[in-house]
Amino acid sequence: MSSETSIKYMTSDDLNLLQGVLKDAGYTDDVLFEQPRPFPIAARLLIGLFQEGTTSPAELTIQLERHFGKPKKEAVMLGAPRFHRFAIQGLPAQPSGAIH
């Protein structure tokens with residue numbers, strides 16, 4: 001008795017689809033975010049699901065949310081900026097040669 005294993009090789013289109021699902025769901029490999037999403041684990045989950053036959057981006061997104069929860073939305077800054085325009089640009093608050 002021999003065990004037969006079938007390996008489904010993924011194309012670049014398949015990988016682009018999975019990368020798009022991860023990106024849309026807020027997953028990134030960027031370590032500069034305050035709380036990075038678990039990118040390698042989520043990617044492995046998607047690859048496993050894809051190789052088992054789940055190829056719909058909507059279904060893959062549902063599975064990500066089921067395993068890891070929904071991504072947090074980024075806060076949108078409304079109203080006036082916190083710093084004065086000159087502080088952001090690194091300019092002095094008073095023009096040079098101004099009389100005090």
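Start by selecting Asp 14, which is found in helix α1; helices here are DSSP runs of H or I with at least four residues, strands are runs of E with at least two, and both are numbered from the N terminus. Is Asp 14 buried or exposed? Its relative accessibility is 18%, so Asp 14 counts as buried, given that buried means under 20% relative accessible area, exposed over 50% and partly exposed in between (1.4 Å probe, protein chains only). Now show its neighbours: leaving aside residues up to four places away in sequence, Asp 14 touches Tyr 9 and Phe 50, where a contact means heavy atoms within 4.5 Å.

**Before going further**

You are looking at a predicted model, in which local features need pLDDT of at least 70 and side-chain atom pairs count only at pLDDT 80 or more, while totals for chains, interfaces and linings use all residues. Residues are numbered from 1 along each chain as its sequence is written, and side-chain values use heavy atoms, with hydrogens and water left out.

Colour the chain by pLDDT, the predictor's confidence in each residue on a scale from 0 to 100. The chain has a mean pLDDT of 75, and 52% of its residues reach 70 or more. Confidence is highest in α3, at a mean of 93, and lowest in helix α4 (residues 85-89), at 63.

Zoom out for the whole fold. The chain holds four helices and zero strands, so to speak a plain α-α-α-α run from the N terminus on. Of its 100 residues, 17% are buried. The accessible surface comes to about 8700 Å², with 57% of that belonging to carbon and sulfur atoms; these areas come from the Shrake-Rupley method with a 1.4 Å probe, and for residues only the protein chains shown count as cover. Among contacts between residues at least 6 apart in sequence, 56% join residues at least 24 apart.

**Stop one: helix α1**

Select the whole of α1, residues 12-24. At 1.5 Å a residue its 13 residues should span 18 Å, and the end C-alpha atoms are indeed 18 Å apart; the expected span is 1.5 Å times one less than the number of residues.

Which residues of α1 are buried? They are Asp 14, Leu 18, Val 21 and Leu 22. These buried residues cover an arc of only 100° around the axis, which puts them on the same side of α1; the arc is taken over the directions from the helix axis to the C-beta atoms. An α-helix has 3.6 residues a turn, so residues three or four places apart point the same way.

Rotate to the other side of α1, and Ser 12, Asp 13, Gln 19, Lys 23 and Asp 24 are exposed. Back on the buried side, the cover includes α2 and α3. Just after α1, click on Gly 26, which takes a positive phi of about 90°.

**Stop two: helix α3**

Move on to α3, with twelve residues and a reach of 16 Å from its first C-alpha to its last, close to the 16 Å expected at 1.5 Å a residue. Its buried residues are Leu 60, Gln 63 and Leu 64. Seen down the axis, they fall within an arc of 105°, so they line one face of α3. That buried set packs against α1 and α2, while the face turned away from it carries the exposed residues Ala 58 and Arg 66.

Pick out Gln 63, which is buried at a relative accessible area of 12%. Not counting residues up to four places away in sequence, Gln 63 touches Leu 45 and Leu 49.

Glu 65 is also in α3, and is partly exposed at 30% relative accessible area. Draw a distance from its C-alpha to that of Ala 25: the two are 40 residues apart along the chain and separated by 8.4 Å. Following α3 comes Gly 69, with a positive phi near 85°.

**Stop three: the core**

Finally, show the largest nonpolar core, which has 13 residues. Such a core is a set of buried Ala, Val, Leu, Ile, Met, Phe, Trp, Tyr and Cys residues joined through side-chain atoms within 4.5 Å. Leu 22, Tyr 27, Leu 46, Leu 60 and Leu 64 touch the most other members. The elements giving two or more residues to the core are α1, α2 (39-51) and α3 (57-68), and α2 gives the most, with six.

End on Leu 46: residues up to four places away aside, it touches Leu 18, Val 21, Leu 22, Leu 60 and Leu 64.
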